[in-house]
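Dear colleague,

I am passing on to you the structure that we spoke of, and I would be glad if you could look through it with the notes below at hand.

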Amino acid sequence: MTYSPVGRETDRVDGRLKVTGAARYSADYRAPGMVYAHVVTSTIGKGTVTRIDTAAALASPGVLRVYAAPDPRLRLYPVAPQFRNFVENYAPLQDADVRFHGQIIAMVVAESVEQARDAAALVTATYAAQPPRTSLADEPRVPSGPTVSGTSGDITILAPGVESIDAALAAGDVVVEAEFHQPVQHHVAMEPHATLAVWEGDVVTVYSGAQIPPAYALGMSQRLGVLPQQVRLITKYVGGGFGARVVLWSDAPLAAVAAREVGRPVKLVLTREQVFTLTGHRSHLTQTVKLGASRDGVLNAVSHESDVETPAVVGFNLTPAHATSDTLYRTPNLRTNPRMVILDLPGSRAMRAPNEAPGAFALETAMDELAVATGVDPVELRLRNYTAVSPVTGLPWSSKHLDKCYRVGARRFGWSRRHATPRARVDGQWLIGAGMASAVYPATRHPASVRIRLLDDDTAVVSTATSDLGTGGWTMVAIAGADALGIPLKRVTPEIGDTVLPQGAPAVGSSATHSTVPLIVDAARDTIAALKQLAVTDPRSPWHGANAEDLRYEDGRLHSRGRSMSFGRLLTVIGSRGVDATASAPAGAPAGYSYHSFGAHFCEVKVNRFTGETRVTRFTTVADVGRVINARAARSQLVGGVIFGIGYALLEENPLELDTGRLAGSTLADYLVPVNADIPDIDVHLLDRPDPVLTGPLGDGGEVGTRSLGARGLGEIGNVGSAAAVGNAVFNATGIRVRDVPITLDKLL
C-alpha cells in the first residue's frame, strides 16, 4: 500500500455528523406514538415502602400509567448467574424493599416529558425505615474476590527465609507507611442515561448507550423473559461511558417492560441527579501502603492493603493493588490484601482505570515519600526498582519501554530544573512545585468478530458490534480496514453499535482496539481469499479456470496473467453485489507473557501561599501503548485521562451522609469536575513501539492478513498515576503531604 492511514493525524470519520448534530444519541431517537416515562426514587437508605399515593399523579393531564412498587403489571425476571456482574441483584418495582437511598420506587408514563415529570413530583411514599450500613467501619467485611484479570487479589510473596511481610518491612533501612482515603467519585458522562424501547410484535428494539452491547442485550432478554433474538440493541453514538454503561441498570428494563404493557414506544431519560444515584460510582475506599527499602532506595518489601465499599445490590470488586503494587516495581517481598465492606448504598461500578487510578495514587504517593526519605530523585528511584518481569508471575512483558518513558518525559518536562526541597521555588504569592508518577494498565484481549464486505463500487464495509463512547471507535475500525485492504480511508465504511452485527469487542478496559484490529486483518485476508475464489470459479471472470494461488491482491486490485482489475470492477463484471467473510477470536493472548501498557507523568503546580488555591500549570505525559492507530485520537484520549486525574486529585468528591445513605453532591453544581480554566496545555508524547506479541507477529510486508499492527489500547492509562503526579507536585511546592483526595484548600492551610 502506497499510503496507510495507520498512525497518522486522522479526523474522526463521524466528526462531521457530531458537530452538525446529525449523529443521533439514545435520547435523540423518536418513534410513532412515543410516550415518556419519569421515575420516582426513594428518600430513605434502607427499609420498606408501606404506602405509595399515586392518586394525584394519575389525575394529572396526559398521564397514562403510574407504576408503584410492587407492581404486578411490570413483570421483570432474575438473570442467570453468569450475568450477576452486569445487572443489579434485584428487579425494580417487583417488591416493596428499599435497598439504597435513591432506588426507583415508582414510574409515571405520560404523553409528554413535562407531563411525566410533573406528575412524578406528585407521587408520595411512606416507609418503615431501618438504619443503613454506610461506613467502611461497618460489617460485614469480607475478603475480596478475584481481580478483573481472574487472579487472586490476596497475594503474599516472601523471599527465602523471610517469615512475614512485617518482618521484611522491619528489615528495611527506611520504611514508609501511609494511609489514603478516597471519597465516592462519579463517571459524569456528558450524555445522561436514556432509553427508547420499541416493540414490534414480540421483538423489542432498544436504543440505549452500552459499553458491552452483547451482554446488555442478553441481560435485557433475561430481564424481560424473552429469547435473546427478540432483543436488538442500537448504540451507535454514546456520549461517554467510563464504566457507567457496563451494567444494565434498572431504568432500561423498566422502559422496555412499560412499553410492552402500554403498547406504545416508551422513552426514559434520567435526570442528572438520578444518573448520579442509579448508574454507578467509584467506591469510596481506604488504602494502606507500606514500603521497606535500603538507604539508597532499593525496595525490599511492598505491602498494599485496602478496605473498599461494595454495595449489596451490585458492586465492582475494586482491588487497587492489582496492576499497580503487584506490577510496577521489583521487590522480593510483596503483600496485597483487598477487603470488601458490604454496604447499603447505590450500586458501584468500574470507573475509568477502576483499580489502577486509586491504587496508583496510593503507591506513587508512597514512592514519592520514599524518595524524600532516602534523598533519591523520584525518577532515579523508579529506575533503581525497575523490573523486566512481572513481580508476581515472573513472566516477561510482551513489550515494555517504561524506562524510556521516564527519560523522555523528564527531558521534555525539564525535570532536571526541579528543586528537591519543598517551598524552594516562589513567584510572588505562589509556591511552585513539580512531581511525577508512573502509569501502568493491563492489556486484555476479549472475544470478538468482524465482518468485511467488498462491494461492486470499490468500497468496503467493516462491521462489528462494538460501541464508540466518544473514544474514536468508528475511526479505528475504518483506519484498520483501510490499512488491511490497502485502499483509501474514504472508501471504507465502518458499521458498529448494533447487535445485529457480528459480536464486537467490549468497550471496556482499554481493550476494544487490540481486540478488534487483529480480526479486521484476519477478515480482510479471508474476504480477499473469497474474492480470489470468485475470480477463478465464475465463468464471467477474466481469470476463470486459473489457480487462485496465482492471483495477487494489492491495494484493492487483483493481478495475474498480465491483467489487473479492482475488486469492484471484478464484482461488476461477474454480476455480484459483493463478497464478504467474518473472522472471530476468543478471549486471551499468547501464553508466556504479561501484557500491560506503561507511561510516566510529570506535573508542575503553583499553590497560593495565602489561600491554598492550587493550579496545574504544566503537564507532560509519555506513553508506551504499542503502535498508535490514530495519533490525533490517541493524544486526545491521553489528555482526557490526565484531565480525569487532575479532577481526581483536586476536585471530585460526593459527600456521603452516613446516617441516611444519601449522596449529597449529586448535581453538577455540587460535584466539581475540571473545566477549561483548570487545565493547561498537556504535552503528550507517544513512543509508538509496536507490541510484537499481543496481537500476533509483526511484519509490514507479505500478503494481507499475515501481519499484526502491534496496537494496544490506551483510553485509561492517562488516568493512572496522574493524580499522584499532581499530589507529589503539591508536596514539592508546599511541603504538605495530602493523602486524602481531593486536595482542597483547607488541607493546605
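The notes below take up the cysteines, one helix pair and some points of the backbone.

Please keep in mind throughout that this is a predicted model. To begin with the cysteines, the structure holds zero disulfides. Cysteine 405 takes part in no disulfide, and the nearest cysteine sulfur to its own, that of cysteine 603, is 17 Å away. Cysteine 603 is likewise in no disulfide, its nearest cysteine sulfur being that of cysteine 405, 17 Å away. Because a disulfide is a pair of cysteine sulfur atoms within 2.5 Å, a separation of 17 Å leaves cysteine 405 and cysteine 603 unpaired. As for their surroundings, cysteine 405 is buried, with a relative accessible area of 0%, and cysteine 603 also counts as buried, at 0% relative accessibility.

Turning to the helices, H8, which covers residues 356-374, packs against H15, which covers residues 722-734, at an angle of about 35 degrees and with the two axes 8 Å apart. The crossing of H8 and H15 is right-handed. On the side of H8 the contact is made by Ala360, Phe361, Glu364, Thr365, Asp368 and Val372, while H15 contributes Ala723, Ala724, Asn728 and Phe731. By character, the residues in this contact of H8 with H15 comprise six nonpolar, two polar and two charged.

The backbone deserves a careful look as well, since most residues other than glycine have a negative phi, and most peptide bonds are trans. A cis peptide bond joins alanine 69 and proline 70, with omega at about -10 degrees, and proline 70 sits in the loop between strand S3 (63-68) and strand S4 (97-98). Another cis peptide bond joins glutamate 139 and proline 140, with omega at about 5 degrees, and proline 140 is found in the loop between strand S6 (124-129) and strand S7 (141-143).

Positive phi values also occur in residues other than glycine, and phenylalanine 242, with phi near 60 degrees, is one of them. Phenylalanine 242 lies in the loop that runs between strand S12 (231-234) and helix H6 (251-262), and at 25% relative accessibility it counts as partly exposed. Aspartate 688, which is not a glycine either, has a positive phi of about 60 degrees. This aspartate 688 belongs to the loop between strand S28 (682-686) and H15, and at 36% relative accessibility aspartate 688 counts as partly exposed.

With kind regards

Key
Residues numbered from 1 in each chain as written. Predicted model: local features only at pLDDT ≥ 70, side-chain atom pairs only at ≥ 80, totals over all residues. Heavy atoms only, no water. Buried < 20%, exposed > 50% of the residue type's maximum accessible area, 1.4 Å probe, protein only. Axes fitted to C-alpha atoms, helices over the stretch in contact; angles between N-to-C directions. Helix = DSSP H or I, 4+ residues; strand = E, 2+ residues; numbered from the N terminus. Left-handed = near helix turned anticlockwise from the far one by under 90°. Contact = heavy atoms within 4.5 Å. Nonpolar A, V, L, I, M, F, W, Y, C, P; charged D, E, K, R; others polar.
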